[in-house]
Every structure is written in structure tokens, then in C-alpha cells.
Amino acid sequence: MTASLVPSFCRNCLAFCPILVTVDGGRAVKVTGDPQAPAFDGYSCPKGRALPEQHNHPQRLLHCMRRQPDGGWASIGSQDAMDEIAAKLTKILAEHGPRSVAMFTGTGRVSHPVGEPIAKAWFRAVGSRMTFSAATIDKPAEYTSVALHGNWHAGLQSFDGSDTWMIVGANPVIAKSNGAPYNNPGARLKEAAERGMKLIVIDPRRTETAKRAHIHLQARPGQDALLLAGMLRLIIDEGLHDADFVAANAVGFEALKSALAGFTPQVVAARADVPVEQFVQAARSFGSAARGGVVCSTGPSFSTRSNLTFYLALCLNTVCGRWAREGDKAPFPNVLLPAFTPRAQPYAPYPVSSDRPMRVHGLMESVCGMPTAALADEILKDGDGQVKALFCLGGNPVLAWPDQQKTEAAMNKLELLVVFDYLMSDTAQSAHYVIAPPLSLEVPASTRMTEAMKYAGVSRGFTMPWAQYTPAVLPMPPGSDLIDDGAFFFGLAQRMGLQLEWVNMRGQGPNLEGPTQTIPLDMSRVPSVDEMIELACANSRVPLDEVKLHPHGHVHDSELRVQAREPTCTAMLQLADTRMMGELSQLLSESASDAKSPEFPLTLVSRRTNKLMNSAGRGVPKLDGGRVSPPACMHAQDLAALGIASGDLVAIRSRHGLMLARAELDNTLKPGVISVVHGFGNASSRLGELGQEQVLGSVSRLINMDERDPISGIPRMSAIPVSVSLHAGDLL
Ligand SMILES: Nc1nc2c(c(=O)[nH]1)N[C@H]1C(S)=C(S)[C@@H](COP(=O)(O)OP(=O)(O)OC[C@H]3O[C@@H](n4cnc5c(=O)[nH]c(N)nc54)[C@H](O)[C@@H]3O)O[C@H]1N2
Ligand SMILES: Nc1nc2c(c(=O)[nH]1)N[C@H]1C(S)=C(S)[C@@H](COP(=O)(O)OP(=O)(O)OC[C@H]3O[C@@H](n4cnc5c(=O)[nH]c(N)nc54)[C@H](O)[C@@H]3O)O[C@H]1N2
Ligand code: SF4
Ligand SMILES: [Mo]
């Protein structure tokens, strides 16, 4: 058989880069970026190019697994697994009620976006609201800030026409995350700089993104709210704001202005440890530009006060009038989402929390969803409503949830843990059943999920009307019995006599672009993945069949322009939310040295690497380079002061716990800051098999769940005070 070259797109992360897959004998042997998809310049990253290694992974599960009474594992047919799990769930639901069954969805769901709506439909059908996701341990403030401040119907001004752009704690060049277009962000930032856009980056590390900045504020971690407050004050003080826009579209300007009074450039620059002239230059550069925006990402999200930081970023956009205006080209003309008419008008703020409490920590279900940081305690705390059964879809809680020890205790306490993963992950080690899914190249997909990310924040998703559909590129591996999560939950529903409904939301909270689409499913037969894609793309602006005509993807341009405010629209943006103004005054009164203590003199921050997607990619030599523990990146000054050399095994201690890592020289860091990649480490049950260095490598061991945000529950996951020392002796 001769090899063929098949166009598709990578689904390891939300960039969904177009790729060409070389298929030989039914197997993927090579993946490259697709040069015929000009919008992406043929770009791909190492994770995408390693799709063949992922699909052909020697430890890949080709059958579902069931834990045996002696603790060992045996394979089980997917139909039998559904029979047994349906019977167990029926019993748990009858004994403990719907709240006892929960779900966590992680980043692995990006590979197969149409499974989750069926899983959620199953939860609705059994009456459980207990569906959690990685969103509340990621950037939950994207949701809370929009609820507190309001949003803009037409969206933020587009990156393309902007002359200023500010990125707070994101590294989109590597992560394809908030702040820059997903289609080859490095190239897009370079182009923008060439046409004169002034990029401002706030990050304690001179990242790949910061290297492209006009101004890089290398601030102390955790000072973003302070910096944004200071910028707002300076911009208003110097009259650089857009008074007409504010008067027409926002309330609370005077109250915000007076709350900002104490945030002088001197106070802010000193506390954030940046040169005052550079801070002033950044604020003026942002304030005096005509178009552009500010966006925040995981850096400030993980570093406490995330609601306030994200809220102030929205205030900065509003005060400078940086929302798409009447007559502008629509920044987000939907393609696989239904058509809509963007308007130059606000969406009103709405309550952040529901009246539905969790059983623990005084947390509520909120606009960002169920608080994942509370789920371990919901499992551990005995009593009415206790979570007894958990489905984990494409996630790896043992390495990704804060407080690894607590997470492991919770996983081991469950009566039923069902993990959907293609490998025996560290969470799967605790499971009762592991469901083996087909991998991305074995199923069809559309780019709708990334398009719909625009509903999750103000600067996510594609910045152009890009769409692609791919059929399955590969057949199922010979001899395998794989089942995707959609078909699995559908099968459970059939066995339990449940009627499922497919739901497509078209926005966040009460502010929807269009009515929610609810489609009852025919329960007599399992829908194919292609049928699920059709359901997701119901009433799309561009018919799915037309998108399919472009196998290399296509920009479905539109002449759609932003329309004027509707005469009936009374909504206003809120610049002085009471809760946020309270936090502002607390922030000012806090001591500047709160994070410094002699016992924990360094500050640990998170970072991502180009070759791994959180914990995924470990175990693939091409991606992890055989590394068993994470790099602990440190400045030469800190290494020298501690007598540590690059390559040494070090113990990192926080008030909560300790982890092991390998020191690595990195002079792009601000001295005093140590930056460690998360996703390493292993379940502690594997200590005998793998050894301390490998097992104790998770940053989540350092995170205390009790230091949590009152709305989303996200704990401090960055800007953590730590100490670092050469590792000696046994730790456990
Ligand atoms: N300390 C610290 N903690 C963090 C973070 C941090 O930076 N620092 N980041 C946080 C963030 S932003 C997030 S989003 C979460 C991530 O939390 P998780 O999503 O729970 O973590 P991942 O490691 O991404 O887990 C993805 C899992 O999906 C599996 N997978 C991959 N492809 C497929 C597939 O096609 N199908 C199925 N079924 N499974 C698949 C992988 O094998 C892996 O086990 O972690 C959070 N936790
Ligand atoms: N290659 C790759 N791509 C990924 C992922 C991956 O693991 N690998 N994960 C995906 C996921 S789940 C997500 S959520 C996105 C995340 O995407 P990003 O949010 O862009 O994540 P990072 O690349 O870690 O960038 C966060 C930056 O914040 C900085 N930082 C840390 N603390 C602070 C602080 O207090 N203030 C400020 N201003 N900066 C701070 C760090 O130095 C770092 O450069 O990436 C996605 N894409
Ligand atoms: S950036 Fe890398 S992992 Fe993400 S879609 Fe593109 S090739 Fe895949
Ligand atoms: Mo994330």
C-alpha cells in the first residue's frame, strides 16, 4: 500500500492548527503543518507533530479496563462496561440521590468536543448539577469579571486593527492562549509590531511573547491588580480616557476614579518592583492609542485577586473605549455558530453566584461553573449529598487539581471512579473502570469548539472567521474496542431508560447571542460522531456542507459590520461594582511585602512548555526528552546564593508541602522568582515502582486549597512563597 497525505487539523489544543497526516497502512506515520492553509502559514508545534507517537503509543489502551478484586486490571468489552456501570449508577442514584454522581472534564475533551454535550445531557436527565470542569482551576475570573462588569455585544476591538495591545500573564506564542491570534501567534505578533502595534506584556519572565513586546513590565508576581489600577488612575488623571464612550455606555466612573486615588505611579511601581518611568510609559502608551485591548490569562488568574485583576482589565477596556464600534468590521462573525447581528452596545452585569450552595467551604455554584477546587472535599466529607461516583473525561486530577495529597485521598474514597483516557494515567490508577476512547485522528471533527470560546471571555477563539471540518483520518486500530464518551453516555442513558436532549448555548449567563438550542435525541440508536457534529452546528451561519467543501480549512469572510445601539437598549457597563471597589481598598492597605518571608523567600510561578500539554505528552520521548521531573527554572543570582547548580535535584517547600525538581538556569526570570512546569509527578501509590524524584514532581503538592477565591474557589496556584534547597536524603 502506498502512503497518502490527508488534510486534517490537530486537536491537542484549541488552536486547531491545520495539518497534513501521512497515512501508511492505516497508521499515521508523520504530521506536519498544512501549507495549503495559508491563514496558519503551515504552522505546527512539536505536540501536533507528535500525533503519530500519541496514536501509536505502546501503552495505549485499545480496550476498556476493569479493576479486579485483587487490585489488578483486566480488559472488558465496552458494551459490558456500560452494562455494569449503568447497574452501579442505578444503585448509587437510588441510595444517595442525583447529587452523589459528578463529572470532571479536563483538557483532553478538546480532542473530541462533541462527547461532552451528551455527557451533560445524561447529567441533566438524572437530575444532577454536579458537572465540574478545568475552567474553575484555569481562568474562572473570565466569567466572574464579565458578570460583574458586563460585556459588549460586538466584542473587543480586534487584534488586527489595533495599535496597542496588553497581555497580562499569558504566553500565547507557546500556549496559543489569551492575548494573540491562535493561528501562528508568533508570526501574528511580529506582523503587528511591523505595522506599528505597541505590545505591552506584564510577566515576571521574559517569555517568548515578552521578547516581542514594545514594553515588558517584569513585575513581581501577584501584583497585576495593582498595576492595572495604577494604569487606570494615570490614564484618567491625564485625560487619556474616552469620556464620551464612558458617558454613553458605563456607570460608576466617578466612584472608580475616587477608589483609584491612592494608586499613584510611585506606589504601584515600588510595590510591583518595576521602574516608575517604564510603568508610566506603558500606561501612556496604552491610554493614548486609538484601538486595542488588554487581556489577562493564567498568570494573574493563579495569583490571587483574580476577579479584581480581570475586572480592572475590563474597566481599562471600557474607560479607553476599546470595544468594537458601530461600523467596525464584526470581530467575530460566526461561521459554524448561527448568524447574529453584533451591536455597539453593552450586555448588562448579572449576579456572579447562584443560590445553590456546595456542602463545603461556603462556596456556591457560580457563573464560572461548579468549583472544582471543592470537589475533593465534596467526595471526602461524609453525609447527605456526598459525591460517591465520579466520571473523569480527558482530565488528570491527580496531577492537575490543587493539593495532590487531598485529591488522591478523594479519588481513592469513591465508590465508583470511571476515567476516560487513552493511557493508564495517574488518575486512572485509582479508577474502577478506564474507558478507552478513539483518538482524534480516528474521529471526525469541526472547529466549532474554538469558535465558541468567544463566549468564555473577551479574547478567546479565532480572530478570523476560520472553519474546518475533518473526517476521520485513520481507521480504528485493528482488534480494538474503543468507545467515545458521547456514545458511552448515550449507551448509559439507553440502559437506564433516559431521554437525552442536546443543548447548544449561545453565550454566557443571561446574555445570549440567540436563543438556546435544545434538540431532543432519538434514543433508539446511538448517534454517529458526524451526527453529533451536525447537532453542534445546528443553524450555522455557513452550512456545514459548505465548510466541508474546503478540506484545508477556509476563512469564510463576511462583510458584516457592527450595528448601532438598539434604541430599546438600556444596559450599561459597571465600573464600580461594590465588591470590586471593596477589594481595591483592601489591596491598597495591604503590606507590600506580604509574599516575602524569611522562611519562604522565593516566589514560585507557573509556566507551560511547548512540548507538553499539561500532563499530556509525558512518556513520549520526542516530547518529554526522557525527563522524569520538572525543570525548576531559576535566575543565576538565586542559584548562586543557594549554592545550587543547573541540573541539581532540589526540594521546593511551601507552607503546604514539598516537591522535587531539577534546577535549571534561566536568566529570563526576575530574580527571586522560580518557575516550574506543572503536569509532572505521579500518584503516590507508584512510589515503590518509580522512585521519589519522579513521583514527587507535582506543583500541586505545594498548593493549599484552603487559600481560595471566595467565588470560584480557585486557590493560589502561582505567586506561591517557597524555599528551595539541594535535595538530600529521603523525604517520605
Ligand atoms: N499547579 C498547577 N496546576 C494546574 C495548572 C498549572 O498551571 N499549575 N493548570 C491548570 C489548568 S489551566 C488546567 S486546564 C488544568 C488541566 O487539568 P486536566 O485537564 O485534568 O489535566 P491534563 O493533564 O490536561 O489532562 C488531560 C488528560 O486527558 C488525556 N487525553 C488526551 N487526549 C485525550 C483524548 O483524546 N481522549 C481522552 N478521553 N483523554 C485524552 C491525557 O492523557 C490526560 O490524562 O490543570 C490546572 N492545574
Ligand atoms: N504548549 C502548551 N500549550 C498549552 C498548554 C500547555 O500545557 N502547553 N496548556 C493549555 C492550557 S490548559 C491553558 S489554560 C493555556 C494557558 O495559557 P497561558 O495563560 O498563556 O499560560 P502560560 O504559558 O503558563 O503563561 C502564563 C504566564 O504567566 C506568567 N505569570 C505567572 N504568575 C504571574 C503573575 O502573578 N502575574 C503575571 N502578570 N504573570 C504571571 C508566567 O511567567 C507565564 O509566562 O495554555 C494552553 N496551551
Ligand atoms: S499549537 Fe500545537 S498542539 Fe495546538 S493545535 Fe497547533 S499543532 Fe496542535
Ligand atoms: Mo487550562
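**Note on the predicted model: ligand sites and domain packing**

1. The side chain of serine 615 makes a polar contact with the side chain of asparagine 396, at 3.1 Å. The model is a predicted one, and this contact is a convenient entry to the site of ligand 1, since Asn396 and Ser615 are both listed among the closest residues to ligand 1.

2. Serine 615 is placed in the loop between strand 29 (602–607) and strand 30 (616–619). Leaving aside residues up to four places away in sequence, serine 615 touches Asn396, Leu399 and Gly679.

3. Which atoms of ligand 1 pair with the side chain of serine 615 and with the backbone of alanine 400? For serine 615, an N or O atom in the side chain lies 2.5 Å from an oxygen atom of ligand 1. For alanine 400, a backbone N or O atom is 2.7 Å from a nitrogen atom of the ligand. In addition, an N or O atom in the side chain of arginine 608 is found 2.9 Å from an oxygen atom of ligand 1. On its own, ligand 1 has 910 Å² of accessible area, and the protein covers 95% of that area.

4. The shell around ligand 1 holds 27 residues, with Thr107, Asn396, Ala400, Asp421 and Ser615 as the closest. By class, the shell divides into twelve nonpolar, twelve polar and three charged residues.

5. Which domains supply at least three residues each to the shell around ligand 1? They are domain 1 (60–129 + 364–561) and domain 3 (596–726). The domain assignment of the chain also gives domain 2, which comprises 142–326 + 573–581.

6. The packing of domain 2 against domain 3 may be described separately. The C-alpha centres of these two domains are 28 Å apart. In the contact between them, 23 residues of domain 2 meet 23 residues of domain 3. About 1800 Å² of area is buried between domain 2 and domain 3, and carbon and sulfur atoms give 59% of this area. The accessible area lost when parts come together is often quoted as the size of an interface.

7. Ligand 3 has its own surroundings, made up of Cys10, Asn12, Cys13, Ala15, Phe16, Cys17, Cys45, Lys47, Gly48 and Lys176. Six residues of this shell are nonpolar, two are polar and two are charged.

Note on methods:
Residues are numbered from 1 along each chain as its sequence is written. Chains are lettered from A and ligands numbered from 1 in the order in which they are written. This is a predicted model: local features need pLDDT of at least 70, side-chain atom pairs count only at pLDDT 80 or more; totals for chains, interfaces and linings use all residues. Side-chain values use heavy atoms; hydrogens and water are left out. A residue is near a molecule or strand if one of its heavy atoms lies within 4 Å of it. A polar contact is a pair of N or O atoms within 3.5 Å; within protein, one must be able to donate a hydrogen and the other to accept it, and residues adjacent in sequence count only if both atoms are side-chain atoms. Accessible areas come from the Shrake-Rupley method with a 1.4 Å probe; for residues, only the protein chains shown count as cover. Ala, Val, Leu, Ile, Met, Phe, Trp, Tyr, Cys and Pro count as nonpolar, Asp, Glu, Lys and Arg as charged, and the others, Gly among them, as polar. Domain bounds come from an automatic or database domain assignment. Helices (H or I, at least four residues) and strands (E, at least two) are DSSP runs, numbered from the N terminus. Contact means heavy atoms within 4.5 Å. Buried area is the accessible area (1.4 Å probe) that two parts lose on being put together, summed over both.
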